[in-house]
Amino acid sequence: MQKPPETSASSLFKTVIGSVCLRSPVMTASGTAGRSNELGGYGSLDQLGAVVIKSLSAESWVGNKAPRLAPVRAGMINSVGLQGPGVSAWLDDDLPALADSGADVVASIWGTTVGDYRTAAEMLQGALPCLVAVEVNLSCPNTSHGRRMFSHSLKDTEEVMEATEVCGLPRWAKLSPNTADISAIAAAAVQGGASAVVLTNTLTGMVIDIDRRRPHLGGGGGGVSGAALHPVAVRAVYDVHRAFPELPIIGVGGVASGEDAVELILAGASAVQVGTAIFADPRAPWKVLHELQGWLNQAGVEKLEEVIGAAHS
């Protein structure tokens, strides 16, 4: 299989997310690149800022019934329901291959209660050194078991972030765009110990099968991602950066090109994640990285930090 153009590690634009220094500002997004080195056949994982794995709970979880995916006019909608093997199985079966690839890794965790988050975080203690941070998924909209979305509550957001401190690693709070004041939620996450916020998770949505006259997805509603989400993510990043200029932000939502990444960086993101685009082209993260570097070079930018939040100037 053909790989994208190689990008020299020495020429990548490093970026800093709290205490974590990433070798480049482009990562995969949770839920779109598996839990191990599935994308390794399409590009060098050690060129990416990090591989962010699909969210894990403390124990295995079966997820939602099929169908789980459907196309929409400007992206896709999913109701996978956070299916996963659990943290212990991932540490034993999947993380070693990622470590061998040279990738930096970010584990994504979720739970149905604050205690569940604490347990999942605790299980990550002492993991392989390639695990550089934990993304705390406070905002998945497509579970079928009635779980409230923690990131819709200031109190819940702060409590979950406090509970996950036991992992001993930097924690990034992944937040929802489906809220009236995302800046206030970001503040609660920081109060609970988040060193960065990830903006944003998917938009809640639904597709109706007009022949069956029923929701198309097995879980009913789901999360809308892809191009339709991009302007929503840009606005979320812009608003949170305006409120908290020193808070590191990872922008995610409809990133399929270098220009998409640049837009989020100008809004205030220090790094971006590529998600839905991977389903159409597994080489997408490297394509975005290559195009982003080209734009920065053409613009005469010597350090990424020169343009982070530049749209606010």
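Guide: Two strands count as paired if DSSP finds at least two bridges between them. The model shown here is predicted.

Visitor: In which sense do strand 6 and strand 14 pair, and over how many bridges?

Guide: Strand 14 covers residues 222–225. At least two bridges are needed for a pair. Strand 6 and strand 14 meet this, since they pair in the antiparallel sense over three bridges.

Visitor: Which residue of strand 14 stands opposite Asn-78?

Guide: Strand 6 runs over residues 75–78, and its pairing with strand 14 is antiparallel. Opposite Asn-78, in strand 14, stands Gly-223.

Visitor: In which order do the four strands of the open sheet lie?

Guide: In general, strands of a sheet pair through backbone hydrogen bonds, either parallel or antiparallel. In this open sheet the pairing is antiparallel. The four strands have the order 5-6-14-11.

Visitor: Which are the edge strands?

Guide: The sheet is open, with the order 5-6-14-11. An edge strand here pairs on one side only. That applies to strand 5 (69–72) and strand 11 (203–205).

Visitor: What is the average twist from one strand to the next?

Guide: The sheet in question is the open one of four strands. From one strand to the next, its twist averages 35°.

Visitor: How many residues lie between strand 5 and strand 6 in their hairpin?

Guide: Strand 5 and strand 6 pair in the antiparallel sense over four bridges. They form a hairpin, and the number of residues between them is two.

Visitor: Which residue in strand 6 is the bridge partner of Pro-71?

Guide: Strand 5 and strand 6 are an antiparallel pair. Ala-70 stands opposite Ile-77 in strand 6. For Pro-71, the bridge partner in strand 6 is Met-76.

Visitor: Where is Pro-67 found, and what is the omega of the peptide bond from Ala-66?

Guide: Most peptide bonds are trans. Pro-67 is found in the loop between strand 4 (51–52) and strand 5. The bond from Ala-66 to Pro-67 is cis, with omega near -5°.

Visitor: Which residue does a cis peptide bond join to Leu-199?

Guide: The omega of this bond is about 5°. The partner is found in the loop between strand 10 and strand 11. The residue joined to Leu-199 is Thr-200.

Visitor: Is Leu-82 buried or exposed?

Guide: Leu-82 is found in the loop between strand 6 and helix 1 (87–93). Its phi is near 65°, a positive value in a residue other than glycine. Its relative accessibility is 6%. Buried means under 20%, so Leu-82 counts as buried.

Visitor: And Arg-213: buried or exposed?

Guide: Arg-213 also has a positive phi, of about 60°, although it is not a glycine. Its place is in the loop between strand 12 (208–209) and strand 13 (214–215). The relative accessible area is 67%. The cut-off for exposed is over 50%, so Arg-213 is exposed.

Visitor: How far apart are the end C-alpha atoms of helix 6?

Guide: Helix 6 has 14 residues, 230–243. At 1.5 Å a residue, these should span 20 Å. The value in the model agrees with that, because the end C-alpha atoms are separated by 20 Å.

Visitor: Against which helices and strands do the buried residues of helix 6 pack?

Guide: The buried residues of helix 6 include His-230, Val-234, Val-237 and His-241. The elements that the buried residues pack against are helix 5 (182–191), strand 10 (196–199), strand 15 (249–252) and helix 7 (258–267).

Visitor: Which residues does Ala-97 touch, not counting those up to four places away in sequence?

Guide: Ala-97 has its place in helix 2 (residues 95–101) and, at 24% relative accessibility, counts as partly exposed. Its C-alpha atom is separated by 9.9 Å from that of Gly-40, 57 residues apart along the chain. The residues that Ala-97 touches are Ser-36 and Asn-37.

Visitor: What is the radius of gyration of the protein?

Guide: The protein has nine helices and 16 strands. For 313 residues the globule rule gives 20 Å. The protein comes close to this, so it is as compact as a globular protein of that length: its radius of gyration is 18 Å.

Visitor: What share of the residues in the protein is buried?

Guide: The C-alpha atoms fill a box of roughly 50 × 45 × 40 Å, taken along the principal axes. The protein exposes about 12700 Å², of which carbon and sulfur atoms supply 51%. Of the 313 residues, the buried share is 54%.

Notes: Residues numbered from 1 in each chain as written. Predicted model: local features only at pLDDT ≥ 70, side-chain atom pairs only at ≥ 80, totals over all residues. Heavy atoms only, no water. Axes fitted to C-alpha atoms, helices over the stretch in contact; angles between N-to-C directions. Rg over C-alpha atoms; globule rule 2.2 N^0.38 Å. Buried < 20%, exposed > 50% of the residue type's maximum accessible area, 1.4 Å probe, protein only. Areas by Shrake-Rupley, 256 points an atom, 1.4 Å probe, with all protein chains shown as cover. Expected span 1.5 Å × (residues − 1). Contact = heavy atoms within 4.5 Å.
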